[in-house]
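Got the viewer open and a hand on the mouse? Let's take a walk, one selection at a time.

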Amino acid sequence: MKLSKLIEGCKVINIRGDKDAEVESITSDSRNVVKGSLFIAVEGIFTDGHSYIGKAIEQDATVVVYDKPLIEEYFSRVTYVQVEESSEALAQIASEWFGNPSQLIKLVGVTGTNGKTTIATLLYRIFRLSGYPSGLLSTVGNYVNDEFYQTTHTTLDPISLNSYLRKMVDAGCEYAFMEVSSHAIHQKRVHGLLFAGGIFTNLTQDHLDYHSNMLEYRNVKKSFFDNLPKDTFALTNSDDKNGLVMLQNTKAKKYTYSLRSMADFKARIFEKHFDGSEIEINGKALSVQFVGVFNVYNLLAVYGASILLGLEEEEVLKILSVLKPVAGRFQTIRSPKDYTAVVDYAHTPDALTNVLSSINEVLSGNGKVITVVGCGGNRDKTKRPIMAREAVKGSDRVVFTSDNPRFEDPMDILNDMLAGLTEEEKSSALTIADRREAIKTACALAQPGDVILIAGKGHEDYQEVKGVKHHFDDKEEVEKIFSAL
Ligand SMILES: CC(=O)N[C@H]1[C@@H](OP(=O)(O)OP(=O)(O)OC[C@H]2O[C@@H](n3ccc(=O)[nH]c3=O)[C@H](O)[C@@H]2O)O[C@H](CO)[C@@H](O)[C@@H]1O[C@H](C)C(=O)N[C@@H](C)C(=O)N[C@H](CCC(=O)O)C(=O)O
Ligand SMILES: Nc1ncnc2c1ncn2[C@@H]1O[C@H](COP(=O)(O)OP(=O)(O)OP(=O)(O)O)[C@@H](O)[C@H]1O
Ligand SMILES: N[C@H](CCC[C@H](N)C(=O)O)C(=O)O
Ligand SMILES: [Mg+2]
């Protein structure tokens with residue numbers, strides 16, 4: 001593709017060299033540069049892509065795109081494009097390279113601290129069950145119709161993202177549902193995509209290792225809605241204290257969902273049990289296979305977005321009643337000894353509080369709650385003591401363990417967690433860094449009627465230690481223990 005076409009949507013400051021140079025491939029990683037590549041230098045968290053411009057040219061890059069003054073010498077065989085902001089240019093160029101696929105599909109983005117995977121996945125399932133070719137980009141994996149692809153991120157980098165959207169368009173998909181993480185908004189991974197609508201779930205503490213404070217975290221999320229164009233929808237949870245803030249400056253049509261007050265989409269809960277709940281959405285009663293008030297919020301967002309995208313109310317309600325939980329989100333496994341394990345991806349204080357209160361509500365005192373929980377390494381440290389406190393508050397017994405320690409010492413993470421407890425709480429909690437042993441111990445403590453919550457890793461089938469992912473699957477561990485009972 002010609003360079004002039006590729007950079008049509010970019011804010012170019014200066015071009016030096018042939019603006020019609022033929023580009024054979026695009027990348028922001030010098031390690032992937034081949035002859036004819038366009039290399040975009042982006043400043044990152046660990047390093048700055050600008051330091052690799054020389055290396056990219058050595059590897060025969062034809063075009064270099066950058067946003068900081070260059071100190072390197074200029075080569076006549078290379079075209080140099082200075083742009084206002086490289087991260088935005090990367091997203092624009094990626095979109096152009098793949099033929100602007102977001103303009104050829106109805107793309108819906110879901111953002112918020114918790115619930116994104118659940119909502120995006122259920123929307124994808126509803127549209128598939130309604131007969132529409134559709135795609136999904138989520139933490140658990142990506143789908144192009146029924147074809148599954150592994151993933152590495154909640155929201156992929158712009159090149160991978162646009163390549164998936166292209167695959168979807170080529171496969172005839174009419175709808176695409178994707179999670180939009182705050183990292184992605186901040187790093188402009190979704191810049192330039194045309195969304196048909198955006199959904200906000202909630203905002204509670206997470207990622208304070210990345211965002212300097214909650215206000216900045218909120219404003220990053222809000223900027224996603226600020227950028228939605230007219231003729232799209234912005235659907236928000238008006239029960240969340242930041243729900244309406246998200247819509248303050250959007251040009252999109254505004255819609256709300258709520259369990260507590262007047263809203264476009266409303267729900268009530270009548271009964272809660274381990275296999276599901278009896279609820280009402282906009283006055284129509286239905287049984288769903290989801291547990292917890294938080295999941296009713298998720299279902300309401302899913303219902304609202306389905307209606308806004310044009311599906312029939314009756315049809316959506318019918319499908320909602322047959323949908324099953326998403327992998328690793330409140331997945332229940334019954335033991336032959338009549339106690340239950342719940343594998344759940346709660347890895348934030350709010351998620352843990354919600355899951356524990358849902359379990360306690362369903363149990364209503366008939367059985368004990370034993371929680372196995374840890375916190376991820378190289379992530380928000382301030383959530384550790386809070387999660388430990390929430391675990392102790394909502395459980396009868398707690399076994400603190402490792403999550404993904406990444407590059408931290410598991411014992412340091414555990415000590416950060418334990419710092420949230422009183423001396424008495426500390427002495428009654430168990431600390432077993434080996435997650436397999438921790439799960440075994442929790443199961444050994446359980447009596448008929450009890451519930452073991454295994455929190456934090458949900459669908460993950462690995463444990464990441466010092467840059468290496470070792471196979472580990474909470475559900476598999478529980479099933480092994482239960483089958484030996
Ligand atoms: C903190 C963070 O978000 N980092 C992301 C970021 O990497 P980075 O800024 O650290 O990149 P860097 O290593 O500093 O490199 C800067 C630039 O130099 C380039 N480079 C680097 C080395 C080299 O030899 N040559 C070269 O050209 C790199 O390709 C890059 O363009 O940009 C990369 C490319 O898009 C991402 O893969 C990477 O995700 C890392 C692996 C990550 O763990 N991210 C997590 C925190 C994340 O994004 N999570 C959210 C979900 C959060 C949630 O919802 O809970 C997600 O959307 O997945
Ligand atoms: N609406 C909600 N409100 C609060 N907690 C929720 C909600 N939905 C799900 N959770 C909790 O958060 C966990 C993660 O849910 P989900 O994977 O849907 O969120 P996510 O936003 O995609 O998370 P991530 O940021 O890791 O991608 C669930 O396992 C559950 O414990
Ligand atoms: N998307 C989240 C997932 C956290 C999952 C938890 N198991 C952990 O490793 O901290 C993150 O990258 O922060
Ligand atoms: Mg997710």
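Select arginine 406 and ligand 3: a polar side-chain atom of this arginine lies 2.9 Å from an oxygen atom of the ligand. That is a polar contact, meaning a pair of N or O atoms within 3.5 Å; within protein, one must be able to donate a hydrogen and the other to accept it, and residues adjacent in sequence count only if both atoms are side-chain atoms. Before you click on, know that this is a predicted model, where local features need pLDDT of at least 70 and side-chain atom pairs count only at pLDDT 80 or more, while totals for chains, interfaces and linings use all residues. Residues are numbered from 1 along each chain as its sequence is written, chains are lettered from A and ligands numbered from 1 in the order in which they are written, and side-chain values use heavy atoms, with hydrogens and water left out.

**Still at ligand 3**

Add arginine 379, which also puts a polar side-chain atom 2.9 Å from an oxygen atom of ligand 3. Asparagine 404 joins in with an N or O atom of its side chain, 2.8 Å from a ligand 3 oxygen. The protein buries 86% of the 350 Å² that ligand 3 exposes when taken alone (accessible areas come from the Shrake-Rupley method with a 1.4 Å probe; for residues, only the protein chains shown count as cover). Now show the surroundings, including His207, Tyr345, Asp403 and Lys457; a residue is near a molecule if one of its heavy atoms lies within 4 Å of it. How many of the shell residues are charged? Five are charged, five are polar and one is nonpolar. For that sorting, Ala, Val, Leu, Ile, Met, Phe, Trp, Tyr, Cys and Pro count as nonpolar, Asp, Glu, Lys and Arg as charged, and the others, Gly among them, as polar.

**Next stop: ligand 2**

Select ligand 2 and the 21 residues around it; Lys116, Thr117, Thr118, Arg329 and Asp344 come nearest. Zoom in on arginine 329, where an N or O atom of the side chain is 2.7 Å from an oxygen atom of ligand 2. Glutamate 179 has a polar side-chain atom 3.1 Å from a ligand oxygen. At phenylalanine 294, look at the backbone: an N or O atom there lies 3.5 Å from a nitrogen atom of ligand 2. On its own, ligand 2 has 630 Å² of accessible area, and the protein covers 95% of it.

Switch to cartoon view and find helix H4 (116-129), H9 and helix H11 (349-363), the elements that give two or more residues to this shell. Helices (H or I, at least four residues) and strands (E, at least two) are DSSP runs, numbered from the N terminus. Which helix gives the largest share? H11 does, with four residues.

**On to ligand 1**

Ligand 1 has 23 residues around it, and Ile45, Phe46, Thr47, Thr154 and Ser181 come nearest. Pick phenylalanine 46 and turn on backbone atoms: an N or O atom lies 2.8 Å from a ligand 1 oxygen. With histidine 153 you want the side chain, which has an N or O atom 2.9 Å from an oxygen atom of ligand 1. Threonine 155 offers a polar backbone atom at 3.1 Å from a ligand oxygen. The protein covers 74% of the 1,100 Å² of accessible area that ligand 1 has on its own. The shell here holds five nonpolar, 12 polar and six charged residues.

**Into the core**

Hide the ligands and select Ile126, Phe177, Ile199, Ile281 and Leu320, which touch the most other members of the 40-residue largest nonpolar core. Such a core is a set of buried Ala, Val, Leu, Ile, Met, Phe, Trp, Tyr and Cys residues joined through side-chain atoms within 4.5 Å. Helix H9 (residues 293-308) supplies the largest share of this core, eight residues.

**Last stop: serine 395**

Find serine 395 in the loop between helix H12 (383-394) and strand E20 (397-400). Is serine 395 buried or exposed? Serine 395 is buried, at 12% relative accessible area (buried means under 20%, exposed over 50%, partly exposed in between, with a 1.4 Å probe and protein chains only). The serine 395 side chain reaches the backbone oxygen of alanine 391 at 2.5 Å.
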